[in-house]
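Subject: Structure handover

Hello,

Here is the structure we talked about. Please look it over, then read the notes below.

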Number of protein chains: 2
Amino acid sequence: MDLKQDIKLAVDIVIFGYEERQLFVLLIKQKYGKYKGRWLLPGGFVKNKEGLKAAAIRELKEESGVVVDDLEQLFTFGDDVKRDHRGRVVTVSYFGTVKPSSMKLKAATDSIDAKWFTIESISDLPYDHNQIVETAFNRLKSKLNYQPIGFNLLSKKFPFSDLENLYMTILQSPIDRRNFRKKILSFDFLEETDELLSKGSGRPATLFKFNKKKYQSSLKRGINFEIKFA
Amino acid sequence: MDLKQDIKLAVDIVIFGYEERQLFVLLIKQKYGKYKGRWLLPGGFVKNKEGLKAAAIRELKEESGVVVDDLEQLFTFGDDVKRDHRGRVVTVSYFGTVKPSSMKLKAATDSIDAKWFTIESISDLPYDHNQIVETAFNRLKSKLNYQPIGFNLLSKKFPFSDLENLYMTILQSPIDRRNFRKKILSFDFLEETDELLSKGSGRPATLFKFNKKKYQSSLKRGINFEIKFA
DNA sequence: TCCATTTGCGTAAAATATACACATATAATC
DNA sequence: GATTATATGTGTATATTTTACGCAAATGGA
């Protein structure tokens with residue numbers, strides 16, 4: 001075993017939120033160090049007896065107050081030996097999705113503040129955090145096309161138009177309302193509630209909710225959830 | 001910076017080869033340590049001033065003699081704190097594809113031997129290497145469906161039946177020869193040569209070759225390379 | 001009451017996938 | 001040399017999926 005290895009291992013987390021036709025990314029304001037006062041991704045060093053994903057969940061909670069029970073591993077950044085000024089640091093990035101209104105942001109260890117930023121407003125982050133956000137955004141977009149990942153970003157019960165707007169916002173492309181609805185409903189993982197929602201003028205919308213059991217049984221039946229758009 | 005962190009960072013590499021309707025994985029025979037004499041994935045510790053992918057390429061070459069110019073990052077294993085008996089080791093896994101007959105295997109540092117194993121014959125590898133191989137195999141299968149990844153595994157010039165057999169072998173499902181050919185040709189990244197290949201009886205096959213430029217121009221035109229099978 | 005707005009549903013046309021059948025060119029066999 | 005076995009090369013009809021729309025229904029506001 002090479003005892004001279006001196007590489008630090010960190011995690012960084014990209015959390016997406018969605019509200020009112022806008023996609024947000026969670027950033028924190030750094031408390032210490034070279035980038036004190038700067039906004040960047042939540043993250044930090046992995047503890048010796050802590051799993052990678054656990055470290056990401058912990059750091060996220062500590063620095064922003066956001067609690068998630070699962071994150072997806074994105075990519076491990078470590079080809080650039082000098083990506084961190086403090087020495088050799090390799091970081092394992094994670095991404096997740098939450099509904100911003102369901103989370104109360106609060107700063108704590110290592111962070112002064114935590115805030116949602118629209119994806120367009122993000123630029124010039126320290127380290128290679130711009131690249132990490134870009135990687136996460138690409139993953140989000142591509143996953144949206146073949147996995148029902150959008151439901152974490154909406155309320156439990158939502159009108160179809162919310163889902164439609166979410167897709168159009170993230171994929172940045174127009175969608176035919178009628179074909180989209182048909183396609184999603186054909187997957188048979190949405191459950192129609194008997195509630196209606198009237199927002200302003202127009203016909204009230206029936207509220208739907210995502211049914212995880214139906215989703216899983218559809219998965220077993222080998223259904224392909226791919227969505228194609230014109 | 002947490003100076004007490006004591007985590008070692010390693011890389012492990014899964015290289016696939018294909019020959020005669022069989023898919024192979026490259027393993028090496030360990031020279032030292034607890035698993036001396038056992039077959040396992042090539043890999044090793046990352047050097048302080050060495051990029052992750054570079055480390056993977058180096059270890060692969062040192063331990064097996066296989067030279068590749070690129071590898072794809074697979075997954076970083078580090079949720080299990082005790083995946084390695086030597087202490088806390090996190091490993092970044094990579095995968096790649098080569099044509100076995102074009103590579104001369106030779107052992108060197110840390111390995112006694114290097115050999116191709118059929119994917120079915122692999123079982124009971126040390127550490128979590130079975131899981132790494134499984135992850136890589138799943139990635140290979142899914143990539144085959146939407147990227148022209150199979151050509152690295154074949155000769156430069158090949159008959160269509162080679163490609164067909166490759167797909168059937170990896171995906172473990174029968175393919176309609178005529179529809180497969182039509183689909184692949186419609187992507188317009190194969191070039192027909194004027195050479196014919198006669199192997200045994202039967203009509204000689206025209207040899208094709210993968211045209212990278214055509215592929216890239218098709219990519220730009222937004223062509224979807226997804227292949228669906230019955 | 002009329003109009004603007006949003007939801008909900010259906011259907012025709014185009015594109016794609018699927019399921020097949022047969023001609024062609026070679027080696028092996030008689 | 002004729003016949004047979006084997007693998008390659010191409011076409012076409014049918015089923016399925018995607019795409020492009022039109023219009024009715026239910027509400028708030030003028």
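**Contacts with DNA strand C**

A polar side-chain atom of K183(B) sits 2.7 Å from a phosphate oxygen of DNA strand C. Polar contacts here are pairs of N or O atoms within 3.5 Å; within protein, one must be able to donate a hydrogen and the other to accept it, and residues adjacent in sequence count only if both atoms are side-chain atoms.

Before you go further: this is a predicted model, where local features need pLDDT of at least 70 and side-chain atom pairs count only at pLDDT 80 or more, while totals for chains, interfaces and linings use all residues. Residues are numbered from 1 along each chain as its sequence is written, chains are lettered from A and ligands numbered from 1 in the order in which they are written, and side-chain values use heavy atoms, with hydrogens and water left out.

Bases of strand C are contacted too. R177(A) places a polar side-chain atom 2.9 Å from a base oxygen. N179(B) does so 2.9 Å from a base nitrogen. Elements giving two or more residues to this surface are α4 (177–187) and β10 (205–210) of chain A, plus α4 (177–187) of chain B. Helices (H or I, at least four residues) and strands (E, at least two) are DSSP runs, numbered from the N terminus.

There are 23 residues around strand C, near meaning a heavy atom within 4 Å. They divide into four nonpolar, eight polar and 11 charged. Nonpolar covers Ala, Val, Leu, Ile, Met, Phe, Trp, Tyr, Cys and Pro; charged covers Asp, Glu, Lys and Arg; the others, Gly among them, are polar.

**Contacts with DNA strand D**

The side chain of N179(A) has an N or O atom 2.9 Å from a base nitrogen of strand D. Backbone atoms take part as well. An N or O of the R203(A) backbone lies 3.3 Å from a base nitrogen. One from the G202(B) backbone lies 3.3 Å from a base oxygen.

**Aromatic pairs**

The count is 36 over all chains. Rings of Phe, Tyr and Trp (its six-membered ring) pair if their centres lie within 6.5 Å; planes under 30 degrees apart are stacked, over 60 edge-to-face, the rest tilted. F16(B) and F95(B) pair edge-to-face, at 6.3 Å centre to centre and 75° between planes. F16(B) is in β1 (residues 8–19) and F95(B) in β6 (residues 89–98), 79 residues apart.

Best wishes
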